[in-house]
Structures are given as C-alpha cells and as structure tokens.
Amino acid sequence: MPAVDSPNLKPLVYTKEALKRAERSLICSPFNLNLFVAMTSQSIQLGAITMDKGVKQNYTNRPLSELSCENSLAWLIDVGVLRREVDGQGITDSFRLTPLGHQLIAKLKNHNLPHATLSDRWHDFITRWLRLPF
C-alpha cells in the first residue's frame with residue numbers, strides 16, 4: 001500500500017510523561033536495541049526472541065522463556081511502544097512498533113540504549129506492578 005503524503009495528516013504528539021515512561025520501559029526491558037531496530041521494518045515473531053534464538057539474533061543478552069518474553073512484550077504494548085500483529089485469522093504471535101515506538105527508536109537508533117539506573121528500575125516497577133486498572 002503506498003504512503004499518503006497529505007498536508008492534512010498531522011504527526012502524533014505525545015505528552016512528555018508518556019515519552020518518558022515509554023523510554024524508561026524500553027531501557028528497563030530485557031531486550032536490546034537490535035530487536036526494536038528490526039521492528040522498524042518488519043514484525044518479529046515471539047519464537048525469534050525467546051531462548052537461544054534471541055541471544056543469537058542479538059535481541060536479548062540472555063535466553064528468555066516464552067512466558068517471560070511475552071510478559072515483557074505485553075508491558076511494552078501497555079505503554080504504547082509495541083502492538084501485536086493481526087492477520088486475517090486474528091491476533092498473531094508477532095510484534096511491531098507503534099508510531100510512539102518508531103519515534104523513540106529514531107531518537108535512540110544511533111546510540112546504544114542507555115543503562116537503566118536504579119531510579120529508572122524503581123519507577124518502572126512502580127508504574128508496571130502497582131498501576132491502577134484503567
């Protein structure tokens with residue numbers, strides 16, 4: 001499908017808090033920048049990220065179980081960085097970047113993901129595990 005170049009289309013604008021929360025979630029995740037860079041052009045299946053495949057592809061630094069990987073990806077969906085791929089049959093086990101994710105990866109692409117500080121991990125923990133249901 002061709003891209004539409006229209007003067008009426010406006011880029012999505014995110015609050016400073018949403019951008020900060022999404023970036024913090026990225027750097028606290030168990031994934032490497034290579035995974036997100038790959039997601040800029042294609043969807044990535046869960047099986048390509050889990051266990052030794054993820055380490056070989058440099059998507060993770062250590063093997064992740066399917067459950068652990070799925071939970072981490074689900075959190076990135078909740079903060080708006082990723083979305084699940086959908087086909088004619090319904091939801092698949094593939095993931096893609098959202099517009100917010102593309103914006104963050106464009107910012108971080110030429111750098112390595114910064115290391116998460118203790119403060120980053122604490123804020124991510126509080127936001128992730130103690131959040132109120134919407």
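Start by selecting F125: in this predicted model, F125 is partly exposed, with a relative accessible area of 38%. Keep F125 on screen and add W122, which at 52% relative accessibility counts as exposed, because the cut-off for exposed is over 50%.

Now show the backbone around these two. W122 and F125 both sit in helix α6, residues 118-129. They are 3 residues apart, about one turn of the helix. Turn on the side chains and look at the rings: W122 and F125 make a stacked aromatic pair, 6.0 Å from centre to centre, with 25° between the planes.

How many aromatic pairs are there by this rule? The count is 2, so the next stop is the other one, F31 with F36. Select both rings and you'll find an edge-to-face arrangement, with the centres 6.2 Å apart and 85° between the planes. Are F31 and F36 buried or exposed? Both are buried.

Stay on F31 and bring up its surroundings. Leaving out residues up to four places away in sequence, F31 touches F36, I49, Y59, T60, L64, C69, S72, L73, L76 and L113. It's worth showing that whole set as sticks while you rotate the view.

From here, widen the selection to the largest nonpolar core, which has 30 residues. Which of them touch the most other members? Pick out F31, F36, M39, I49 and V81. Next, colour the elements that contribute two or more residues to this core: α1 (16-28), α2 (33-39), α4 (66-78), β3 (90-97) and α5 (99-108). Of these, α2 gives the most, with 5 residues. As background, nonpolar side chains in soluble globular proteins tend to be buried together.

Time to zoom out and switch to a cartoon. You should be able to trace 6 helices and 3 strands. Walking from the N terminus, the order of elements is α-α-β-α-α-β-β-α-α.

With the full chain in view, colour by burial: 36% of the 134 residues count as buried. If you draw contacts as well, take those with a separation of 6 or more; residues 24 or more positions apart account for 61% of them.

Last stop, the surface. Switch it on and you're looking at about 9,000 Å² of accessible area for the chain. Colour that by atom type: carbon and sulfur atoms hold 56% of it. To finish, go back to W122 and check it against this view, since at 52% relative accessibility W122 counts as exposed.

Definitions and conventions: Residues are numbered from 1 along each chain as its sequence is written. This is a predicted model: local features need pLDDT of at least 70, side-chain atom pairs count only at pLDDT 80 or more; totals for chains, interfaces and linings use all residues. Side-chain values use heavy atoms; hydrogens and water are left out. A nonpolar core is a set of buried Ala, Val, Leu, Ile, Met, Phe, Trp, Tyr and Cys residues joined through side-chain atoms within 4.5 Å. Buried means under 20% relative accessible area, exposed over 50%, partly exposed in between (1.4 Å probe, protein chains only). Helices (H or I, at least four residues) and strands (E, at least two) are DSSP runs, numbered from the N terminus. Contact means heavy atoms within 4.5 Å. Accessible areas come from the Shrake-Rupley method with a 1.4 Å probe; for residues, only the protein chains shown count as cover. Rings of Phe, Tyr and Trp (its six-membered ring) pair if their centres lie within 6.5 Å; planes under 30 degrees apart count as stacked, over 60 as edge-to-face and the rest as tilted.
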